[in-house]
Amino acid sequence: MDTIYKATIIVVFLFLSTYGVQAQTTQTKLNQIELMKQFLGSWKCNLSKDTTAFWETKSYGTGLENRYNYVKDGKIVDEGKQLWGYDMTIDKFYAATLPKGKDIYIDVYYFISTNKCRMYTLYDIENPEKAPVRWEIEFKSPDMFIETYISNNEPFKIRTFTRKK
Amino acid sequence: MKTICKTIIIRVFLLFITNGILAQTTHTKLNQVELMKQFVGKWECKISKDSTLFWNTNSYGTGFEVNFKGVAKGKIFVEGKQLWGYDKQLDKFIIAAMHKGQGIKIYSAWFLSNKKYESINYNDVSNPETASWKIEGEFKSPDMYIETTLVNNKTIKTHTNTRVK
């Protein structure tokens, strides 16, 4: 009888522990589709004294479509289109970028917290921690985010985007 | 003197052979960007008695942007956007395909000859011969191409696409 009692206590304890772990995992899983919506809208970033980057991001289904251009002295010097779409198998976004007149490239985007997004190229998907370059975006407010490029764990380029109103 | 003469003859012979091989390689390399332009325009594809897929492909730099929709009995049952861009490292096109309300898929596509092309999942691009899913296509005329979908080398479906004028 004593053995049955002990066994019952252990089973109940294990059940409660498992339930607790599952609940914790569910709570911490980020909704990547919702968080990406922070990028919606029109953005601008002063790249240098005379060059400004403009982003226009719109919703498309569960993804986003983006048009960007770089303007220097009033002239467009670079432009392109992007499609950002969710892939549930990796719980991350793929962002396809087609710069006009240049090769296409694919990046992987995912939020690591509600206001921080990490990125690396598709070439580095097997070993993202060994990516020669990765970048992080942090939303400082709904109207401003900072993009930091990182190589060998050292930031080497920082850009600030502000919402155009 | 005889040895020097033989050496010169051998070297000249090797030079001609090398030149010949190089010339042959240059002749046979396909211009993927030019060949892909065969897709530019509006296309339709009857997928069943009452369902039709419509494609609209526009040039964008060296790539393409594509809008598609499936219509059955006057109602849209699927729609999406694609970006196609050349990747010179692969000498192939990368296709980012987003179905509205669903996720994004990444494919690779390339011409095998002036009229025949293949497409596979991007994950299989390093070993295309082992790809379980594949599309084989052929332009029968500038206004018609046929696509066959294969799974494990077995034909699953064949569709005919015709240009909308």
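Let's start on one stretch of sheet in chain A: strand 7 runs antiparallel to strand 8 (residues 134-141), and five bridges join the two. You can find this pairing in the model by looking for A:R118, which stands opposite A:E136 in strand 8. Keep in mind as you look around that this is a predicted model.

Now turn to the other partner of strand 7. Strand 6 (residues 105-113) pairs with strand 7 (residues 116-121) of chain A, again in the antiparallel sense, this time over six bridges. Here A:V108 stands opposite A:Y120. The connection between these two strands of chain A is a hairpin, which passes through two residues.

What do the strands of chain A close into? Follow them in the order 1-2-3-4-5-6-7-8-9-10 and you will see 10 strands closing into a barrel with antiparallel pairing. On average, neighbouring strands of this sheet are turned by 25 degrees against each other, direction ignored.

Elsewhere in the barrel, have a look at strand 3 (residues 63-72) and strand 4 (residues 75-87) of chain A, an antiparallel pair joined by nine bridges. One place to pick up this pairing is A:V71, whose bridge partner in strand 4 is A:I76.

Strands 3 and 4 also take us to the second chain. In the contact between the chains, 20 residues of chain A meet 20 residues of chain B. On the chain A side, strand 3, strand 4 and strand 5 (92-99) each supply at least two residues. Which of the strands of chain A gives the most to this side? That is strand 4, with five residues. By chemical character, the chain A residues that touch chain B divide into nine nonpolar, five polar and six charged.

From here we can move to the nonpolar residues that are buried together. In soluble globular proteins, nonpolar side chains tend to be buried together. In this model, the largest nonpolar core holds 41 residues, and A:Y94, A:A96 and B:A96 touch the most other members. Strand 5 (residues 92-99) of chain B gives the most to this core, with six residues.

A:A96 makes a good final stop. Which residues is A:A96 in contact with, leaving aside its neighbours within four places in sequence? Within chain A they are A:Q82, A:L83, A:I104 and A:I106, and from chain B come B:L83 and B:A96. So to speak, you can stand at A:A96 and look both ways: A:L83 is among its contacts, and B:L83 is too.

Notes:
Residues are numbered from 1 along each chain as its sequence is written. Chains are lettered from A and ligands numbered from 1 in the order in which they are written. This is a predicted model: local features need pLDDT of at least 70, side-chain atom pairs count only at pLDDT 80 or more; totals for chains, interfaces and linings use all residues. Two strands pair if DSSP finds at least two bridges between them. Helices (H or I, at least four residues) and strands (E, at least two) are DSSP runs, numbered from the N terminus. Axes are lines fitted to C-alpha atoms, for helices over the stretch in contact, and angles run from 0 to 180 degrees between N-to-C directions. Two residues are in contact if their C-beta atoms, placed from the backbone, lie within 7 Å. Ala, Val, Leu, Ile, Met, Phe, Trp, Tyr, Cys and Pro count as nonpolar, Asp, Glu, Lys and Arg as charged, and the others, Gly among them, as polar. A nonpolar core is a set of buried Ala, Val, Leu, Ile, Met, Phe, Trp, Tyr and Cys residues joined through C-beta atoms within 7 Å. A residue is buried if 20 or more other C-beta atoms lie within 10 Å of its own, exposed if 12 or fewer, and partly exposed in between; C-beta atoms are placed from the backbone.
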